[in-house]
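Trainee: Could we go through this one together? I'd like to learn how to read it piece by piece.

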Amino acid sequence: MSNILALGDCNTLGVKYLKRNAYPEMFASALGKTVKNCGFTMSTTHEMLYFLKDFKEQEKEIILIQYGLVDSWKTFKHAPYVLYYPDNTIRKIFRKIVKKYKKIAKKIGLNKLLGVSNVVALDEYENNIKTVLQKTKKSTVFLIDTIPNLEISRNSEIVRYNQVLFQLSKQYDHVHYVEVYDDFLDRMEYYLDNTHMNERGYERITQNLLSVYFKSRES
């Protein structure tokens, strides 16, 4: 049984050669613990609720949460959201339809005419994470910043979502905030591409996570 449960998006999972060899695995290895990495491409806090239900099993000692990359993304306001997890054939078909629908909407100017909104609204994002925090009071939970995107127009929204994590960490005794956003600003050597971290980026997050972990054990 795993000591650690990691919940997040593609940067929690790891991409390319780093898949399932990302910061959750580095962190677990440093502590001599085992980890169940539920990072999932395109995942949001909607999927998080299902992952918690399916993989929490008995109480985990530590839970890592890093969502916001997809939640904060701005897209056509009237596009439906289709879960990536749990997945099935019908959802795959509907996601393809929605993707095409959003491309058409953008092409013909509906984004400008009718507006855009976050994939997961900020208040819903907060409530989703609160739901997890309220169900995991016997675990130590670490809320980890979403890193800045090299497509800098995305970063104002990422900052807003990170601020929610910081505020939530102040509301629960078992929750700790891991700040990494500023460490990644203007540090292209931490990136594989505009969005995804490389091994050096994962090492940076692991260092910050370990620092907060050991401080939490002193208090």
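**Helices, sheet and a few oddities**

Mentor: Sure, let's begin with a pair of helices: H3 passes H6 in a left-handed crossing. Keep in mind that this is a predicted model.

Trainee: How are H3 and H6 turned relative to each other, roughly parallel or roughly antiparallel?

Mentor: Look at the axes of H3 and H6 (residues 122-135): they come within 9 Å and cross at roughly 15°. Angles under 35 degrees count as roughly parallel. So the answer for H3 and H6 is roughly parallel.

Trainee: What is the split of nonpolar, polar and charged residues where H3 touches H6?

Mentor: On the H3 side you'll find Thr 45, His 46, Met 48, Leu 49 and Leu 52. Their partners in H6 include Tyr 125, Ile 129 and Val 132. Sort the residues of this H3 and H6 contact and you get 6 nonpolar, 4 polar and 2 charged.

Trainee: Which strands does H3 lie across?

Mentor: H3 covers residues 45-55 and runs at about 160° to E1. E1 is one of the strands it lies across, and the full set is E1, E2 and E3.

Trainee: What is the strand order in the open sheet?

Mentor: The sheet has 5 strands, and the pairing is parallel. Its edge strands, each pairing on one side only, are E2 (35-39) and E7 (175-178). Neighbouring strands are turned by 15° against each other on average, direction ignored. Reading across, the order is E2-E1-E3-E6-E7.

Trainee: Which residue in E2 is the bridge partner of Ile 4?

Mentor: Strand E1 takes in residues 4-8, and 5 bridges join E1 to E2. Follow the one from Ile 4 over to E2 and you land on Val 35.

Trainee: Back to the helices, then. Which hand does the crossing of H6 and H7 have, left or right?

Mentor: H6 and H7 (residues 155-169) pack at an angle of about 35°, with their axes 10 Å apart. Leu 122, Ile 129 and Leu 133 are among the H6 residues here, meeting H7 residues that include Val 164 and Leu 168. The residues of that contact divide into 8 nonpolar, no polar and 3 charged. As for the hand, the crossing of H6 and H7 is right-handed.

Trainee: What word describes how H2 and H9 sit relative to each other?

Mentor: The axes of H2 and H9 (residues 199-218) come within 9 Å and cross at roughly 50°. An angle under 35 degrees would count as roughly parallel, and 65 to 115 as roughly perpendicular. H2 and H9 are therefore oblique.

Trainee: How many nonpolar residues are in the contact of H2 with H9?

Mentor: From H2 come Tyr 23, Met 26, Phe 27, Ala 30 and Leu 31. They meet H9 residues including Leu 209, Leu 210 and Phe 214. In this contact 1 residue is polar and 2 are charged, while the nonpolar count is 11.

Trainee: Which residue does Glu 61 meet in a salt bridge?

Mentor: The structure holds 6 salt bridges. Side chains of opposite charge can pair when their charged atoms come close. Glu 61, in the loop between H3 and E3, has a partner 28 residues apart, in the loop between H2 and E2. At 3.1 Å, N to O, that partner is Lys 33.

Trainee: Which residue is joined to Tyr 85 by a cis peptide bond?

Mentor: Most peptide bonds are trans. Here omega is about -5°. The partner's place is in the loop between E4 (74-76) and H4 (89-107), and its name is Pro 86.

Trainee: What is the phi of Lys 16?

Mentor: Lys 16 is found in the loop between H1 (10-13) and H2. Most residues other than glycine have a negative phi. Lys 16 is not a glycine, yet its phi is positive, at about 55°.

Conventions: Residues numbered from 1 in each chain as written. Predicted model: local features only at pLDDT ≥ 70, side-chain atom pairs only at ≥ 80, totals over all residues. Heavy atoms only, no water. Pairing = 2+ DSSP bridges. Helix = DSSP H or I, 4+ residues; strand = E, 2+ residues; numbered from the N terminus. Axes fitted to C-alpha atoms, helices over the stretch in contact; angles between N-to-C directions. Contact = heavy atoms within 4.5 Å. Parallel < 35°, antiparallel > 145°, perpendicular 65-115°, else oblique. Left-handed = near helix turned anticlockwise from the far one by under 90°. Nonpolar A, V, L, I, M, F, W, Y, C, P; charged D, E, K, R; others polar. Salt bridge = Lys/Arg side-chain N within 4 Å of Asp/Glu carboxyl O.
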